Amino acid sequence: MSDATPDHSPDEQPAPPQTMDILEIMSLLPHRYPFLLIDRVLEMEPRKRIVAIKNVTFNEPHFQGHFPDYPIMPGVLMVEAIAQAGGALLLAEIPDRDSKLMVFTAIENARFRRPVTPGDQLRIEVTVLNWRTRVVKMGGAITVDGKLVCDATVMCQVIPRVAKQAVAKQIEAPPE
C-alpha cells in the first residue's frame, strides 16, 4: 500500500499544515492590541483553509461596556476574528504584502448561536470558497469547546496601502 494520496505520487506529498505564533501573525496582519483578534494559528493549508485560536480574557476593553454585569464578546468582533484569520491565510500568499492591506468587502449570513464570555477559547476555522487575484470569499465558523458559537461568510479584497508619507502630505496640504 502506498503513502501517496490519489492526486500525488510518493515524492509529491502536499506540504504539512503550517502553524504561526503571535509574532508571525503580527508580521502578516497590520492589526494590534486591542484589535488583533487571533493569538495563534494551529493549521494552515495555503489557499485552502486556516485554523486559529483566540483566548478571550476579561481585561479586553469591550467587556467594560458589553455588558458590565454580564460580559459577552460582541458578535461583530467574532466576525472580525474570522476575517483576520482569513487575512493571515490570504496575506501569506502575497509577496509584496507590506505595500498592501486586506479589507472587508462583504459579510453574509452571519449567525451568533451562543454567547462568548471571558475564559472561552475561540477555535476559528476558515475555508476558502473562491479565490481570485485580489478578492477572496471565505466561510468561517467559530466553536468553543466543540460547540458552534458563530458562523459567517466574508469577502475580502487586497488593496494598495497608502504610504505614511503620502498621508502626512495630504494632511499638511492646505485645501484648494
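So, helices and strands here are DSSP runs, with at least four residues for a helix and at least two for a strand. On that basis, this chain comes out with three helices and six strands. And just so everyone has it in mind, what we're looking at is a predicted model.

Okay, the layout. If you walk along the sequence, you get α-β-β-α-β-β-β-β-α. There are 176 residues, and 36% of them count as buried. On contacts: take the ones with a separation of 6 or more, and 60% of those come from residues 24 or more positions apart. As for the outside, the chain exposes about 10,800 Å², and carbon and sulfur atoms supply 54% of that.

Now the inside. In soluble globular proteins, nonpolar side chains tend to be buried together. In our chain, the largest nonpolar core has 42 residues, and Leu-122 and Ile-124 have the most contacts inside it. Which elements give two or more residues to this core? Those are helix 1 (22-28), strand 1 (40-45), strand 2, helix 2 (75-91), strand 4 (121-131), strand 5 (135-144) and strand 6 (147-160). Helix 2 gives the most, with ten residues.

Let's sit on Ile-124 for a second. Setting aside neighbours within four places in sequence, Ile-124 touches a run of residues from Ile-50 through Lys-54, that is Ile-50, Val-51, Ala-52, Ile-53 and Lys-54. Ile-124 is also in contact with others, including Leu-37, Ile-38, Ala-81, Ile-82, Ala-85, Ala-141 and Ile-142.

That brings me to Lys-54, which sits in strand 2, residues 49-55. Buried or exposed, this lysine? Lys-54 counts as buried, because its relative accessibility is 5% and the cut-off for buried is under 20%. What does the side chain of Lys-54 pair with in a polar contact? With the side chain of Glu-60, at 3.1 Å. Beyond four places in sequence, Lys-54 has further contacts, among them Asp-39, Met-73, Asp-120, Gln-121 and Leu-122.

Last thing, the cysteines. Cys-150 is buried, at 0% relative accessibility, and Cys-156 is buried too, with a relative accessible area of 1%. How many disulfides, then? The count is zero, where a disulfide would need a pair of cysteine sulfur atoms within 2.5 Å.

Methods: Residues numbered from 1 in each chain as written. Predicted model: local features only at pLDDT ≥ 70, side-chain atom pairs only at ≥ 80, totals over all residues. Heavy atoms only, no water. Buried < 20%, exposed > 50% of the residue type's maximum accessible area, 1.4 Å probe, protein only. Polar contact = N/O pair within 3.5 Å; in protein donor to acceptor, adjacent residues only side chain to side chain. Contact = heavy atoms within 4.5 Å. Areas by Shrake-Rupley, 256 points an atom, 1.4 Å probe, with all protein chains shown as cover. Core = buried A, V, L, I, M, F, W, Y, C linked by side-chain atoms within 4.5 Å.
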